[in-house]
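Here are some notes for a colleague meeting this structure for the first time. They take up the sheet, then the helices that go with it, and finally the relation between the chains.

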Number of protein chains: 2
Amino acid sequence: MDKKLLKQAIELAKANVEDGGGPFGAIIVKEGVIISSAANKVTQKNDPTAHAEVLAIRQAAEKLGTWNLEGCELYTSCEPCPMCMGAVYWAHLDKVYYASGHEDARKAGFDDSEIYSEMKKDVKDRKLSMHQEMRAEGNEAFAKWMEKVDREEY
Amino acid sequence: MDKKLLKQAIELAKANVEDGGGPFGAIIVKEGVIISSAANKVTQKNDPTAHAEVLAIRQAAEKLGTWNLEGCELYTSCEPCPMCMGAVYWAHLDKVYYASGHEDARKAGFDDSEIYSEMKKDVKDRKLSMHQEMRAEGNEAFAKWMEKVDREEY
């Protein structure tokens, strides 16, 4: 844990508010070296997935030439939302250091807490309408995957 | 619910296995018109966030010129993982139609179920190491956000 790096992520968040973006910043570090840094660009880029953590992960993967970020750590100004936590797991990051919590984000008008709450519910109990159909046909894609001898697992 | 569209998402998933990618495909539709379609590109693009749903959402937002995809529906070959579900909420999609479930993905070697299980736990009980520090400093970014009169909320 390097407090200077967490401070730097927070400064990215603050500077981004001045630039017209959301108050979030993130940095990815490997063996003490900064690999990537980003601020939230949802409104500036018209990209609902452009959270600071997602952007920092994408940039780090591009820089290191691999989708597997084992050995890397995330410093972020706020506890990652469910989308960003999912990205952290898929990227196999080692650790997450964060400053504000998702309840702090809620007080500032962000939906993180509500999304966390939705994700804990069964699909049928969510506010978002979700409908499953054609499961057998869908599973044909997985069968094809399992049959492929040289598949690259991730 | 248009079965042809779900079938098309499944065909994208199958074709992507042939192309060396993961077995997932997604389509975004607005008022019956296809806005975007994508297959999983994690390994081909070295991007851990390049799930079919995330790519389809990003492309739809770019095409429509807005991060807000209200009025759009997602057709996807498999139940979205937590990262993609987060993206669905942030994009404000109206509905999700899916074929395979996350337990089917698990059987094919994908971590969706484990990530769902981790997300339901308190931060301190997760396998992934997460550490909170400097909360007050982090909240300065939110204070700056709340003070900004012309902030663009999302």
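1. The sheet. In this predicted model, five strands form an open sheet of mixed pairing, and their order across it is 5(A)-4(B)-3(B)-1(B)-2(B). The edges are held by strand 5 (129-132) of chain A and by strand 2 (33-39) of chain B, each of which pairs on one side only. From one strand to the next, the twist averages 15 degrees.

2. A pair within the sheet. Strand 1 (residues 25-30) of chain B runs antiparallel to strand 3 (residues 72-78) of chain B, and the two are paired over five bridges. Within this part of the sheet, B:I27 has B:Y75 of strand 3 of chain B standing opposite.

3. The helices. Helix 1 (residues 3-18) of chain B packs on the sheet, where it touches strand 1, strand 2, strand 3 and strand 4 (95-100) of chain B, and its direction makes about 150 degrees with that of strand 1 of chain B. Helix 3 (residues 52-64) of chain B also packs on the sheet, touching strand 1, strand 2 and strand 3 of chain B, with its direction at about 140 degrees to that of strand 2 of chain B.

4. The two chains. Chain B is superposed on chain A by a rotation of 180 degrees with 0.0 Å of shift along its axis, at an RMSD of 0.0 Å, and this is the relation of a two-fold axis. In chain B, the C-alpha nearest the axis belongs to B:M83 and is 1.9 Å from it. Both copies use the same surface, since 100% of the contact residues of chain B recur in chain A.

Methods: Residues numbered from 1 in each chain as written. Chains lettered and ligands numbered in written order. Predicted model: local features only at pLDDT ≥ 70, side-chain atom pairs only at ≥ 80, totals over all residues. Pairing = 2+ DSSP bridges. Helix = DSSP H or I, 4+ residues; strand = E, 2+ residues; numbered from the N terminus. Axes fitted to C-alpha atoms, helices over the stretch in contact; angles between N-to-C directions. Contact = placed C-beta atoms within 7 Å. Least-squares fit on C-alpha atoms with pLDDT ≥ 70 in both.
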